[in-house]
Amino acid sequence: MVMNIAQRMDGFSPFYVMELLQRAKQLEAQGRDIIHMEIGEPDLSTPKCIIEAGLNYIRQGQVKYTAATGLPVLKNKISEFYQHRYGVQVSPERVIITPGASGAFLLSLGVSLNPGEEILMPDPCYPCNNNFVRFFGGRTKFVDVNASTNYQLSADLIKKNWNKNSRGVLIASPSNPTGTLISEQELKKSINLVNELDGCFFSDEIYHGLVYGKRAHSALEFNQKVFVINSFSKYFSMTGWRIGWLIVPEKFINPIERLAQNIFISTPTHSQYAALAAFSEENSEELENRRQEFEQRGDFLYMELLRLGFKIAVKPKGAFYIYADCSRFTEDSFQFAKDLLEQEGVAVTPGKDFGKFEANCHIRFAYTASIAKMALAIERLERFLCR
Ligand SMILES: Cc1ncc(COP(=O)(O)O)c(C=O)c1O
């Protein structure tokens, strides 16, 4: 019997950075000191009050399923959060608790995308988006973006690239890998345009808490017929708990519920109880301190990379990434990343993990390491560049 691998797996791209991560682990096992600036997750631990809330739930022993769309009390909390943070009313029924933003993508694309339809995304962007679209038989229409639009899509770019097969637009602001935000005006214009075109607007707001400067606007401030994807992974430092959420237009509540029932049953229950504490008064000060810490790290890294000769066309205003142009040093950023790891023990992510457009002359640095560690990384990077 020939056990064929499903055709949908053709072209499912791996993370190139995993190759680097594996090598970094080997080097660490050999005793080398590696500075990790490749990983897109906070180095800080989950806040104590969240851990306690999760443990308290586990200790009572009955760790059971919840309703597929999540614990009502958590859905209420998230609904209040939208009122409080953005001044928008979102009914708890429209809040769907998911296994991370990844689960939210799966559900939202699963209920809205037909085979053969296209989703517009910027290049560069978070690499899994394209694979989610492919999983449902859709196609990604990548739109090259540069500094002129803050590395984000704009209403003009959407209009130019929309065709009869287009089904929707997916943006992330702040963006991974560039850390840049879409402007309030452009977000509003883009949402209105997609609505006029009868398409779906997917707004990935996973890095919203980590913004340095003007606050980020939620797509929900401009229109209720959007899919908003968010997560406890980044701002709340809960990557491994696998919990996020999705806000859906009214009409999609029922299909989403049916899909969630079938593919997840529910999001990990202890994580849902833990997440309840994420919005507590006690935690808000802790989160603000962390946001400030990331801001300082970002400023430090930005200045140092410029000093070394990297080009950064737009200063990032959010997330914990700098997407730096390394064309002064190399035309092959993957090889550059491999050599940097081998020779100096600094791990970074090559541009080709985020798309094709100018990927070979970009590197993503994640400032998920302390300033002291990054200072050492910069020292090593400087030595590497002088070779
Ligand atoms: C832009 C973006 N969206 C979604 C995700 C997935 O996050 P989660 O851990 O919540 O599934 C990531 C993770 O790096 C991300 O950077």
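Let's start at the surface: the protein chain exposes about 17300 Å², and carbon and sulfur atoms supply 50% of that. The areas are Shrake-Rupley values with a 1.4 Å probe, and for residues only the protein chains shown count as cover.

A word on the source. This is a predicted model: local features need pLDDT of at least 70, side-chain atom pairs count only at pLDDT 80 or more, and totals for chains, interfaces and linings use all residues. Residues are numbered from 1 along each chain as its sequence is written, and side-chain values use heavy atoms, with hydrogens and water left out.

Now the overall picture. The protein chain comes to 12 helices and 12 strands. Its radius of gyration is 21 Å, close to the 21 Å that the globule rule gives for 387 residues, so the chain is as compact as a globular protein of that length. That radius is taken over C-alpha atoms, and the rule is 2.2 Å times the number of residues to the power 0.38. Helices (H or I, at least four residues) and strands (E, at least two) are DSSP runs, numbered from the N terminus. Along its principal axes, the C-alpha trace spans about 60 × 60 × 55 Å.

Of the 387 residues, 56% count as buried. Buried means under 20% relative accessible area, exposed means over 50%, and partly exposed is in between, with a 1.4 Å probe and protein chains only. Next, contacts, meaning heavy atoms within 4.5 Å. Among those between residues at least 6 apart in sequence, 74% join residues at least 24 apart.

Charges next. There are 43 positive and 43 negative ones, and their mean positions are 3 Å apart. Lys and Arg count as positive, Asp and Glu as negative; His and the chain ends are not counted. Each charge is placed at NZ of Lys, CZ of Arg, CG of Asp or CD of Glu.

Let's go inside. Take strand β7, residues 227–231. Five of its five residues are buried. Both faces are covered: F227, I229 and S231 lie on one side, V228 and N230 on the other. What pairs with β7? Strand β6, residues 200–204, does so in the parallel sense over three bridges. There, F202 stands opposite F227. Strand β8, residues 244–247, pairs with β7 in the antiparallel sense over four bridges. In β8, L246 is the bridge partner of I229. Pairing here requires at least two DSSP bridges between two strands.

There is also an open sheet of three strands. Its order is β9-β12-β11, with antiparallel pairing. β9 and β11 (349–350) stand at the edges with a single partner strand each, so one side of each is left without a neighbour in the sheet. Five bridges join β9 to β12, residues 362–366. One pair to look at: A324 has I363 in β12 as its bridge partner.

On to a helix. Which residues of α9 are buried? They are T269, S271, Q272, A274, A275 and L276. That is six of the eight residues in α9 (269–276), so the helix is largely enclosed by the rest of the structure. The cover includes α2 (48–59), α3 (72–86) and β2 (95–98).

Stay with α2 and α3. A68 is in the loop between them. At 11% relative accessibility, A68 counts as buried. A68 and A260 are 192 residues apart in sequence, yet their C-alpha atoms are 5.7 Å apart. Leaving aside neighbours within four places in sequence, A68 is in contact with I97, E257, A260, Q261, I265 and S266.

Now the backbone. Where are the cis peptide bonds to look at? One joins D123 and P124, with omega about 15 degrees. P124 sits in the loop between β3 (118–123) and α5 (128–135). Another runs from S173 to P174, with omega near -5 degrees. P174 lies in the loop between β5 (166–172) and α7 (184–196).

Then positive phi outside glycine. N150 has phi near 60 degrees. N150 is in the loop between β4 (139–144) and α6 (155–161). A319 has a phi of about 60 degrees, and is found in the loop between α10 (281–308) and β9 (321–325). Buried or exposed? A319 counts as buried, at 0% relative accessibility. N150 counts as partly exposed, at 28%.
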